[in-house]
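Please take a moment to look over the structure shown here before reading on, since the paragraphs below go through it one region at a time.

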Amino acid sequence: MTQAPPLQYVVRAGDPLRDRGAVLSAWRGNLGHEDRIAAKYDWFYLACPHGPPLLELLSEGGDSCLGTACAGRRRLRLRGKDIRAGVLVDLVVMPEHRSLGPALMLQQGLIAASEAHLDVLYGFPNPKAVALCKRVGYRHLTDIVRYARVLRHRRYLQARMPGWLARPTGWLADAAVALRDAWRRLRDPRLRREWSTGADARMDALWRDSPQGEGLVGVRDQLHAKWRFDESPLAVVRYLWLIDARSNVAQAWFATRVQDEALHLLDFWSANGAAGPSPQHVRAVLAAAHAEGLASVSVEIAGSEEQLRAWKDCGFQPRSRRPVYARWNRDATNDPPNWFLTSADEDE
């Protein structure tokens, strides 16, 4: 019996508009969230204001699509200069072709395509993809850490003690924490809290007038927030603005989403710029979440101790962490000492 010859895979550059149907066909059943992959594609691949993503397709020749790899474009700043960046997303290989070879070919094709268009590629690989990232030259640069602060304790205490005891104990803990937070806010500058449902020009002013630091940071202006959140089909976002009560000037904004009684901070920027929000800003966020009746606040950040100080000073505790890997298409000796990243620096 004649043995079938091994498959000869080919990786080619994809065109987001032309290859939409082929990519969606490869994704179905392999990427999850079947009900939203088409909407995600149209938003992320066809409507990005920073340019179309780099898209690599795996095939056996011809127009078939057996897998995909993508780098979505991001605007970063480093030491006052623009950096062309790509965030790694949507590495998919159809089940019957899942082995190291096809995935490796896709990543190598993406790296080759990026050399003419991007300064750096970065990603948040899951544990299964870490070995592949290392193999093609990515380096572990930092971790993005989820920090959380509890506002209402009953739900958390119920998992650790009988229900009849959790309710009064939780009430006492809530009262003590609320009193402590209110006492600390007495000494803070007066900040007016304002909720909105869309990005606006105040973001441009905050970004322009705030220090951007020497590390690597994503551009956080109105264009960024409008596309990343307002136009995204993946989640409904509200913005919390902190306004100086005397000057009526915006001091900070936070892109937020509520889920399971928690306020998740997806992104933010303040007048402190790359140094991170002040403790007064964070306390104002906690007060806003408490007024909304929420049980906790969480945020994902990769940053320096300076950028994390206000969060830690206000009682945020680390809950989980994920590695961030990057590969430069230029001299890596110029690697910045610090990356500032939030959930918004991913694709979802």
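What follows describes two pockets and then one pair of helices in this predicted model.

The largest pocket holds about 1100 Å³ of space. Its lining is made up of 38 residues, and those closest to the centre of the pocket are Asp90, Leu91, Pro125, Asn126 and Ala129. Several elements contribute at least two residues each to this lining, namely the helices α2 (37-44), α3 (100-114) and α4 (130-135) together with the strands β3 (67-78), β4 (81-93) and β13 (317-328); of these, β4 gives the most, with seven residues. Sorted by class, the lining of the largest pocket comprises 21 nonpolar, eight polar and nine charged residues.

The second largest pocket has about 430 Å³ of space, and of the 20 residues that line it, Arg257, Leu266, Glu300, Ser343 and Glu348 are the closest to its centre. Here at least two residues each come from α8 (222-230), β10 (250-259), β11 (262-270) and β12 (296-302), while the lining as a whole divides into seven nonpolar, five polar and eight charged residues.

Helix α2, already met in the lining of the largest pocket, also packs against another helix, α1 (residues 20-27), and the axes of the two come within 11 Å and cross at roughly 135°. Because of that angle, α1 counts as oblique to α2, and the crossing of α1 and α2 is right-handed. On the α1 side the contact involves Arg20, Val23, Leu24 and Trp27, which meet Ile37, Ala38, Tyr41 and Asp42 of α2; by class, this contact has six nonpolar and two charged residues, with no polar ones.

Definitions and conventions
Residues numbered from 1 in each chain as written. Predicted model: local features only at pLDDT ≥ 70, side-chain atom pairs only at ≥ 80, totals over all residues. Heavy atoms only, no water. 1 Å grid on protein atoms, 1.4 Å probe; cavity = no way out; pocket = protein on both sides within 12 Å on 5 of 7 lines; lining within 4 Å. Points joined across faces, edges and corners; volume = space filled by probe spheres on them. Helix = DSSP H or I, 4+ residues; strand = E, 2+ residues; numbered from the N terminus. Nonpolar A, V, L, I, M, F, W, Y, C, P; charged D, E, K, R; others polar. Axes fitted to C-alpha atoms, helices over the stretch in contact; angles between N-to-C directions. Parallel < 35°, antiparallel > 145°, perpendicular 65-115°, else oblique. Left-handed = near helix turned anticlockwise from the far one by under 90°. Contact = heavy atoms within 4.5 Å.
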